[in-house]
Amino acid sequence: MTTIYIDESGHSGDMVDSGTGYDFKRQPYFALAGVGLQDEEEWDARLRALRDRHRIPSGEPGARPLASRPEFSAAVIHALLDRRAPLFVELVDKRYFICSCITSFQLLPSCLGYPESMRLDFLRNAVADFLHAHADAQVLDSFVASCLTPEAETLHASFASLRDLAVQTAEEEEAAAQVAKGFGRIVEAANTEYHALSGAQHQPWLEFLPPPELNTSSTQAWTLPNLTSFMRIYARIHLYYRHCLADVRLVHDQNFEVQRILGQGKAAAEGPNRTMELLCTPPSDHRFEEVAALDFRQSHEAAGVQMAEVVAGATMRFFRDLHTGAGVCPALREAMVRLISEGDERTGYGLKQVVPTRKARIGAEEAWA
């Protein structure tokens, strides 16, 4: 049996809790890592050796102490890549994630009937990129309000803010005028479809919003990046193992805040779920034929969870420091370039970046200046 150990880094709460001015409490990125191990005792010995070499105290390599030890994190990433251990990482730009939710659920929702295709994926990316580049806080606030208070009035307000964005951008930015006009037509098409459904369907506005999740207090939460990233990684693991998951076990760090949410998300992913088609873009396969087991363990009990914590934390901090212009450790830069370079779109292996196209990093050293 192969065990995929999973852990996260970066604030993982509800995306409507976005801090001041969508700064996400100075954590603009979220990362989730899955590390596959078959012989945990062997990897535990390797991890102890790496800790000794880098003078990391014995016990759990917590995220805060490792923030000042990027060479150790780089060594863990290289060790996993050297042995081609199954490795799945999701890196999420949180502001772009909201723009993607606006795109997938409000502007290009499933009720419009567009068939899933590479062309539709390209269109979604282009629309989300446009929103990330041009949408101000008012546009995002309007979408958040439509999630928090789902009703006709808030959805109308969200469509109005998107329409105003298209008109204003077309008038003020010549270089983006044609894209803005196309964006405006997409807004009008979604708005027209909403009005067509209004006379025939109860609560038609729900067709234009992401489905809410229930958090641990049984209240509705919206667009949880840890749940979405978990579902994506699960679909990538399904692709990697060619639909054969009977001998695969998923083990997440024991966190009572997310256990029920992830369990419900896993069950939803395994059944017929239109949301999975919207969220799990290539490389992934969400048509489950077999399912993996899901368990939770304390990180100090499992070397695999500790290694997933290291990978997720290093990925989040690296991209955060690039975003803020802070200095980046050369050793960690080399490890991250390698992680991206050795990714495989055919199998889902490696790092997937949920970021604007212009900010996506490629595996060429000179492109990281």
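**Exercise 1. How many of the nine residues of strand E2 (residues 29-37) are buried?**

Solution. This is a predicted model, and the exercises below work from its coordinates.

Step 1. Apply the cut-off: a residue is buried when its relative accessible area is under 20%.

Step 2. Count along the strand. Nine of the nine residues of E2 are buried, so the strand is largely enclosed by the rest of the structure.

Step 3. Sort the residues by face. In a regular strand the side chains alternate between the two faces of the sheet. On one side of E2 are Tyr 29, Ala 31, Ala 33, Val 35 and Leu 37. Phe 30, Leu 32, Gly 34 and Gly 36 are on the other side. Both faces are covered.

**Exercise 2. Find the strands that pair with E2, and trace the bridge partners of Leu 32.**

Solution.

Step 1. Start with strand E1 (residues 2-9). Seven bridges join E1 to E2, and the two run antiparallel.

Step 2. Turn to strand E3 (residues 87-93). E3 pairs with E2 over seven bridges, again in the antiparallel sense.

Step 3. Follow one residue. Leu 32 of E2 is the bridge partner of Glu 8, and in E3 Leu 32 has Glu 90 as its partner.

**Exercise 3. Compare the span of helix H5 (residues 118-134) with the span expected for its 17 residues.**

Solution.

Step 1. Work out the expected value. The expected span is 1.5 Å times one less than the number of residues. For the 17 residues of H5 this gives 24 Å.

Step 2. Check the model. The end C-alpha atoms of H5 are 24 Å apart, which agrees with the expected span.

Step 3. List the buried residues of the helix. They are Leu 120, Asp 121, Arg 124, Val 127, Ala 128, Asp 129, Phe 130, Leu 131 and His 132. Charged residues such as Asp 121 and Arg 124 are on this list.

**Exercise 4. Classify the ring pairs Tyr 240 with Tyr 349 and Phe 318 with Phe 319.**

Solution.

Step 1. Choose the quantities. A pair of aromatic rings is described by the distance of the centres and the angle of the planes.

Step 2. Note the total: the structure holds 11 aromatic pairs. In one of them, Tyr 240 and Tyr 349 lie 6.4 Å centre to centre, with 25° between the planes. Planes under 30 degrees apart count as stacked, and this pair is stacked.

Step 3. Place the two tyrosines in the chain. Tyr 240 is in helix H9 (residues 225-240), while Tyr 349 is in the loop between helix H13 (330-341) and strand E8 (350-354). They are 109 residues apart, and the pair links distant parts of the chain. Tyr 240 is partly exposed, with a relative accessible area of 24%, whereas Tyr 349 is buried at 3%.

Step 4. Treat the phenylalanines likewise. The ring centres of Phe 318 and Phe 319 are 5.6 Å apart and their planes stand at 85°, so this pair is edge-to-face. Phe 318 is buried at 1% relative accessible area, and Phe 319 is buried at 4%.

Step 5. Look for a wider group. Ring pairs link Phe 88, Tyr 240, Tyr 241 and Tyr 349 into a cluster.

**Exercise 5. Which charged ends sit over the rings of Tyr 349 and Trp 43?**

Solution.

Step 1. Over the ring of Tyr 349 sits the charged end of Arg 84, 3.8 Å from the ring centre.

Step 2. Over the ring of Trp 43 sits the charged end of Arg 46, at 4.5 Å from the centre.

**Exercise 6. Is Ser 142 buried or exposed?**

Solution.

Step 1. Locate the residue: Ser 142 is in helix H6 (residues 137-148).

Step 2. Read its accessibility. Its relative accessible area is 13%, so Ser 142 is buried.

Step 3. Find its contacts. Leaving out residues up to four places away in sequence, Ser 142 touches Thr 154, Ala 157, Ser 158 and Ser 161.

**Exercise 7. Describe Gln 203 and His 243 by phi, location and exposure.**

Solution.

Step 1. Gln 203 has phi near 50°, a positive value in a residue other than glycine. It lies in the loop between helix H8 (177-198) and strand E4 (213-214). Gln 203 is partly exposed, at 34% relative accessibility.

Step 2. His 243 also has a positive phi, near 75°. Its loop runs between H9 and strand E6 (248-253). His 243 is partly exposed, at 23% relative accessibility.

Note on methods
Residues are numbered from 1 along each chain as its sequence is written. This is a predicted model: local features need pLDDT of at least 70, side-chain atom pairs count only at pLDDT 80 or more; totals for chains, interfaces and linings use all residues. Side-chain values use heavy atoms; hydrogens and water are left out. Helices (H or I, at least four residues) and strands (E, at least two) are DSSP runs, numbered from the N terminus. Buried means under 20% relative accessible area, exposed over 50%, partly exposed in between (1.4 Å probe, protein chains only). Contact means heavy atoms within 4.5 Å. Rings of Phe, Tyr and Trp (its six-membered ring) pair if their centres lie within 6.5 Å; planes under 30 degrees apart count as stacked, over 60 as edge-to-face and the rest as tilted. A charge sits over a ring if NZ of Lys or CZ of Arg is within 6 Å of the ring centre and within 35 degrees of the ring normal. Two strands pair if DSSP finds at least two bridges between them.
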